[in-house]
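I opened the notebook today to look up a few features of one model and to write down each answer with care. My plan was to begin with single residues and to finish with the whole chain.

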Amino acid sequence: MDNANKTGAARPRIEVRSIDYVPRSERHGKVWHQAPFWFTGNFVLTTMVTGFTGPALGLGALYSILAIVLGVCFGTFFMAFHANQGPRMGLPQMIQSRAQFGLKGAIVPFAAVVFVYIGFNVFNVILATDAINTVLPGQRTPWYLGLIVIAVLLAVVGHDLLHTVQRWLTYVMILVFGVLTVSALLTLQADAALQAPQFSWGAFLVQLSAAAGYQISYSVYVSDYSRYLPHDTPTAKVVFWTYLGAAGSALWLMSLGAFLASALPAPDAIASVREVGNQFFPGLGTFTVLISVPALVGIMAVNCYGAMLTSISAIDCFKKVKPSLKIRVAGISVIASIVFIVALAIPESYLGSFNTFVLLMLYFLVPWTAVNLVDFYCVRKGHYVISEIFNPEGIYGAWGKPGLIAYGLGLLAMVPFMALSFYTGPAAAALGGADIAFVIGLLVTGSVYALLCRSLDLHSEQRLAAASDRLLEEAHA
């Protein structure tokens, strides 16, 4: 590697690594860059729609915002602590799961995660096209194709370009949506949103779960974008900057969404922004809608990139994959094609089922995040034999029973507490429709996994980890 790459090249270039280890000689970047990256990653209309959930269920604006604050602060906690795994291990997020689930067993969380990536990108491309159609009405298919192609190009260039784009978009989004937020506060009847606030525990907990689940969803790829940071980057700084960016944008946009949904008779992500902005200053709302498109394309690129890494990791579980640029491009292209096909097939009513999608996503990701974080911080305490993660005959085995058992039991324990549009568990019904499934899932999964890991020979593994680190660095010296 050249010296420019060791210190961090000023201009982005095509990334060659995918699921493989990033040597410490190639580490670069500044830890504070995590904040703008995740701020813009979360500063999309999709985030604002999550804030519609409480008011749609009859919850008052103040209570909806309180549920959002609690949900965001709780969910972002998990995401931020996953970010610390990147510089410590130098690996993408999901492939780390092999240490808990086994090289083949990791296919279980991988499948759920790819579903999340595709679902979000379908929703994002629909919203972005809706935004463009406000000024350029017509066929949707060409816009789907064009937006997805741009996202693919960004994802192909990879890590450094994605960081650069997200960082510069942050300044634009803060300025434009800052004006829009002031417009909303000045032009909408505040008492329509705040007077006689309605409350129900069921609606409150659904909004809280939606906000928490939305934030937890970022956990599946957060260390994909921190794995190039220097190995000795302080944990507190990684967690702080990630938390600041992701929570800041979510609190802002979801709260704005709750306010709009409570103050407007028929809230809609595109129409509401246009109406509020244009009332304040002609054209402001339309401009805000259009400026949201680059942010949606940016997070689509991030999702394509993460889905590629997870998909390659899944294939590598059963058939060895040699990481290369060709493999990266092929993986991103396949994911983008699936998103395009699903977007064409999904009816417009899909937009109304977003809350159901978020909750389903939460149910499947909560047991994974519990296993992964308990393993990293409580069981193995950050010590992994990186080379064995890629070894089919290695110490982590093909099927990691502790991880798989804990995941399965955690998922089963959540079922009675689930509250969905098509199913309400008996425990949720007894609680008046309140959904506390994610809390149950975290507690059961984390506890079971910790108990099942008591027999692990961690001292031997730590010695192997130290030796593996030395060999990896020597191989890339």
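Before looking up any neighbours, I noted that a contact means heavy atoms within 4.5 Å. The model is a predicted one, in which local features need pLDDT of at least 70 and side-chain atom pairs count only at pLDDT 80 or more, while totals for chains, interfaces and linings use all residues. Residues are numbered from 1 along each chain as its sequence is written, and side-chain values use heavy atoms, with hydrogens and water left out.

**Entry on H159**

Which residues does H159 touch, leaving aside its neighbours within four places in sequence? I found E15, D224, Y225, Y228 and Y305 in contact with H159. H159 belongs to helix 10, residues 159–187, where a helix is a DSSP run of H or I with at least four residues, a strand is a run of E with at least two, and both are numbered from the N terminus. I also looked up its cover: H159 is buried, as its relative accessible area is 6% (buried is under 20%, exposed over 50%, partly exposed in between, with a 1.4 Å probe and protein chains only).

**Entry on helix 6**

Both Q85 and R88 lie in helix 6, which covers residues 85–89. Q85 is buried, with a relative accessible area of 1%, and beyond its neighbours within four places in sequence I listed G90, Q93, Q96, S223, N372, L373 and F376 as its contacts. For R88, with the same neighbours within four places set aside, the contacts are H231, D232, T233, P234, T235 and F376. The C-alpha atoms of R88 and T235 are 9.0 Å apart, although 147 residues separate R88 and T235 in sequence.

**Entry on V358**

I found V358 in helix 17, residues 354–379, and noted that V358 is buried at a relative accessible area of 1%. Outside its neighbours within four places in sequence, V358 is in contact with A210, G213 and Y214. A210 is 148 residues away from V358 along the chain, yet their C-alpha atoms are separated by 6.2 Å.

**Entry on helices 16 and 8**

How far apart are the end C-alpha atoms of helix 16? I read 31 Å, which agrees with the 30 Å that its 21 residues (325–345) should span at 1.5 Å a residue; the expected span is 1.5 Å times one less than the number of residues. Its buried residues are R328, G331, I332, I335, A336, V339, F340 and A343, and these pack against helix 8 (107–133), helix 9 (141–157) and helix 15 (284–316). I then followed helix 8, which is mostly covered, since 23 of its 27 residues are buried. From first C-alpha to last, helix 8 reaches 39 Å, close to the expected 39 Å.

**Entry on the whole protein**

I counted 21 helices and 0 strands. Buried residues make up 58% of the 477 residues, and among contacts between residues at least 6 apart in sequence, 86% join residues at least 24 apart. The C-alpha atoms fill a box of roughly 65 × 55 × 40 Å along the principal axes. Last, I noted a radius of gyration of 22 Å, which agrees with the value near 23 Å for a compact globule of 477 residues; the radius is taken over C-alpha atoms, and the globule rule is 2.2 Å times the number of residues to the power 0.38.
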